[in-house]
Amino acid sequence: MRIFLYEGKTLHGEASYPLIIHAAERYLESAEFDMAGDEPDEKLDEIYMKLARGPEILLSEKGKPYFSDIPLEFSVSNCEDMWMCAISEKPCGIDIQVSKRAPHDKIATRFFKANEAEYAKVFGEAGFFTLWTRREAYGKMTGEGFWGEAPELVDKDMNLVEKIGDFHLSDIEVGDGIYCAVCTCDPAPYPIILI
């Protein structure tokens, strides 16, 4: 998995498709792409051609974007002047948030499971945003979104859950007051590439 970072005017929805396509091209250049037994050069050329023609990006029933005919998975998140895109050959999810003044305890009690709400209470704003971004990343990876069914992300000993089945949850340092999490089959580290 690779993470691509764009700093500038934040783009949403279809306006971000050119950046997603550019990130996919950069992924192919920077990763050892698994050709699944096909002739590597032929398969890679075919994928590059599809990217050059502007691949179709569709939305699942619950709104998860995906390439219709390219064997890459991606997840996008943005906040303020930062746009991030995780790309992998396996399911992935990413979320980035800038901390804001809010009644974190009340929000955690309403939307988090019991151990998670307690974790947010004990660790304050940092605990709240760490859990929020992890829950978002997990929901994006599964395609169920934040409100979808998710396991508890804090154990009974108040430790963050780092692995759910085959999926790893990781936090990425971006900057002060900026929280970012990813969920993917690939274990960390995840290179961040500026685009």
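## Backbone at M158 and E80

M158 lies in the loop between helix α4 and strand β7, which spans residues 163-164. In this predicted model, the phi angle of M158 is near 70°, a positive value in a residue other than glycine. With a relative accessible area of 23%, M158 is partly exposed, because that class begins where the buried class, under 20%, ends.

E80 also has a positive phi without being glycine; its angle is near 45°. This residue belongs to the loop between β4 (73-79) and β5 (82-88). Its relative accessibility is 58%, and E80 therefore counts as exposed, the cut-off being over 50%. Positive values deserve a remark, because most residues other than glycine have a negative phi.

## A cis peptide bond

The peptide bond from A188 to P189 is cis, and its omega is near 10°. P189 is found in the loop between β9 and β10, the latter covering residues 192-194. As a general rule, most peptide bonds are trans.

## The nonpolar cores

How many residues make up the largest nonpolar core? This core has 23 residues, and F112, F128, L131 and Y138 are those with the most contacts inside it. Helix α4 and strand β9 (178-184) each supply at least two of the core residues. The largest share, ten residues, comes from α4. A second core, separate from this one, has 20 residues and includes L19, L28, L72 and F74. In soluble globular proteins, nonpolar side chains tend to be buried together.

F112 illustrates the contacts around the largest core. Leaving aside residues up to four places away in sequence, F112 touches I107, A117, A120, F128, L131, W132, R135 and F146. Among these partners, F128 and L131 are also listed with F112 as residues with the most contacts inside the core.

## A buried arginine in helix α4

R135 is found in helix α4, which runs over residues 114-142. Is R135 buried or exposed? R135 is buried, because its relative accessible area is 6%, and buried means under 20%.

Which residues does R135 touch, if those up to four places away in sequence are not counted? They are F112, K113, E116, F146, A150, P151 and L153. F112 and F146 are among the contacts of R135, and F112 in turn touches F146. R135 thus touches F112, one of the residues with the most contacts inside the largest nonpolar core.

Technical notes. Residues numbered from 1 in each chain as written. Predicted model: local features only at pLDDT ≥ 70, side-chain atom pairs only at ≥ 80, totals over all residues. Heavy atoms only, no water. Helix = DSSP H or I, 4+ residues; strand = E, 2+ residues; numbered from the N terminus. Buried < 20%, exposed > 50% of the residue type's maximum accessible area, 1.4 Å probe, protein only. Contact = heavy atoms within 4.5 Å. Core = buried A, V, L, I, M, F, W, Y, C linked by side-chain atoms within 4.5 Å.
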